[in-house]
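Thanks for making time this morning; I would like to walk you through one model, with most of the attention on its aromatic side chains. Please have the viewer open, and stop me wherever something is unclear.

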Amino acid sequence: MPSVTIKDVARVAQVSVATVSRALNGHGNVAEDVRNRVFAAAQELRYTPHAAARSLSSRRTQTLGVVLPDLHGEFFSELMRGIDQVARAKRLHLLVSSYHGNPDEQGAALRAMRGRVDGLLVLSPFAETPTLLGEHLDPSLPTVLINSQSGLDGAAVLRVDNHGGAVAMVEHLVASGHRSIAFIAGPADNFDAHERLRGYRDALARLLPGTPEWVLQGDFDEASGHRAGRELIDASRRPDAVFAANDMMALGCLFAFAHDGLRVPDDIAVAGFDDIPLARYVHPALTTIRVNIAELGARAARLLIAQIAGEAADEAPASSGDLLETGLIVRESSGSRLLPRSP
């Protein structure tokens, strides 16, 4: 059976080949009823555009590259969900790679994207980001950096307001009567972790001057949160509250406390950061800082698509970086020392 061509679609839809091409490529200068007729004809004929030919004619691959530190965990799942929703709406494909926090693998992943994608979304939260990326990125390739410490010439940067979110959480815990607040930090070389620790320190110094900070090292995973929880259990005294730099560590800490018979929040309060979907379903439900992770991915994708098209998006950030706001979500785990304790 002969393969279906764009000419066949044009004949069935009763439009020109150029109109079919514009409609299938998502151009705006096609009337909606005409676009629907083209899509219906393409579906009826089971027409699939030839990707290689399409790339040669348009000099576009219709593909966005996504390079992430990891693919495991709810944060990355939600981030990819937001990116994918925008890409599918624009009929674009995704080429995804992860580098597991290894700078050499990151460089290999970035180099492998050359010639295969129209633009790049890169989440590289490490302190040496500009140096690493500058060595491997094609400066002519549209790029949006997510949660990077600082940008590169020509690359937009979209960041979460990690510092502001951490300050808001400490303000909430202090307002709830907690005076000794421990903090489970993330990886030392991670920009998000650095900003959340800075927010904790700044708020503690302003709200509880003279109170010593209490920082435990974590690694943004459940196991390190559990270890920190065990360390607090074994300490000579307990803090009033524990603020973990992300929800996964907070959940690990919750498990350690529950296993030891500590009641949260009666014996000790716990809070996290990110508001992953699981946070509201644990017991007690986790007080946290909400980051609309899916919207972070979607917004980054929209910025990249606008860059590729050469458009000035209304929400496009300056190269110095734009902040995605966070929000305080108060649930049962943070409790209050201003209220009577349960027996």
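Let me begin with a single residue: is Phe255 buried or exposed? This is a predicted model, so please take what follows with that in mind. Phe255 comes out as exposed, because its relative accessible area is 53% and the cut-off for that class is over 50%. As for its setting, Phe255 belongs to helix 11, which covers residues 247–260. If you look for His283, you will find that 28 residues separate it from Phe255 along the sequence, while the C-alpha atoms of the two are 9.8 Å apart in space.

Stepping back to the whole protein, there are twelve helices and twelve strands, and of the 343 residues, 50% are buried. The accessible surface comes to about 16400 Å², with carbon and sulfur atoms contributing 51% of that area. Turning to contacts, if we take those with a separation of 6 or more, 70% of them are between residues 24 or more positions apart.

Now to the rings themselves, where a search of the whole structure returns three aromatic pairs. One of them joins Phe75 and Phe76 in an edge-to-face arrangement, with 5.5 Å from centre to centre and 85 degrees between the planes. Both partners have some accessible area and yet are classed as buried, since the limit is under 20%: Phe75 has a relative accessible area of 16%, and Phe76 has 15%.

A second pair, Phe183 with Tyr200, is stacked, because the ring centres are 4.8 Å apart and the planes meet at 15 degrees. Phe183 sits in strand 6, residues 181–185, and Tyr200 in helix 9, residues 191–207, so this pair ties together parts that are 17 residues apart in sequence. What is the relative accessibility of Phe183? The value is 0%, so Phe183 counts as buried, and Tyr200 is likewise buried, with a relative accessible area of 0%. These two rings do not stand alone, for ring pairs link Phe183, Tyr200 and Phe243 into a cluster.

Finally, there is a contact of another kind to look at, between a charged side chain and a ring. Which residue lies over the face of Phe273? That residue is Arg196, placed at 3.8 Å from the ring centre.

Notes
Residues are numbered from 1 along each chain as its sequence is written. This is a predicted model: local features need pLDDT of at least 70, side-chain atom pairs count only at pLDDT 80 or more; totals for chains, interfaces and linings use all residues. Side-chain values use heavy atoms; hydrogens and water are left out. Helices (H or I, at least four residues) and strands (E, at least two) are DSSP runs, numbered from the N terminus. Buried means under 20% relative accessible area, exposed over 50%, partly exposed in between (1.4 Å probe, protein chains only). Contact means heavy atoms within 4.5 Å. Accessible areas come from the Shrake-Rupley method with a 1.4 Å probe; for residues, only the protein chains shown count as cover. Rings of Phe, Tyr and Trp (its six-membered ring) pair if their centres lie within 6.5 Å; planes under 30 degrees apart count as stacked, over 60 as edge-to-face and the rest as tilted. A charge sits over a ring if NZ of Lys or CZ of Arg is within 6 Å of the ring centre and within 35 degrees of the ring normal.
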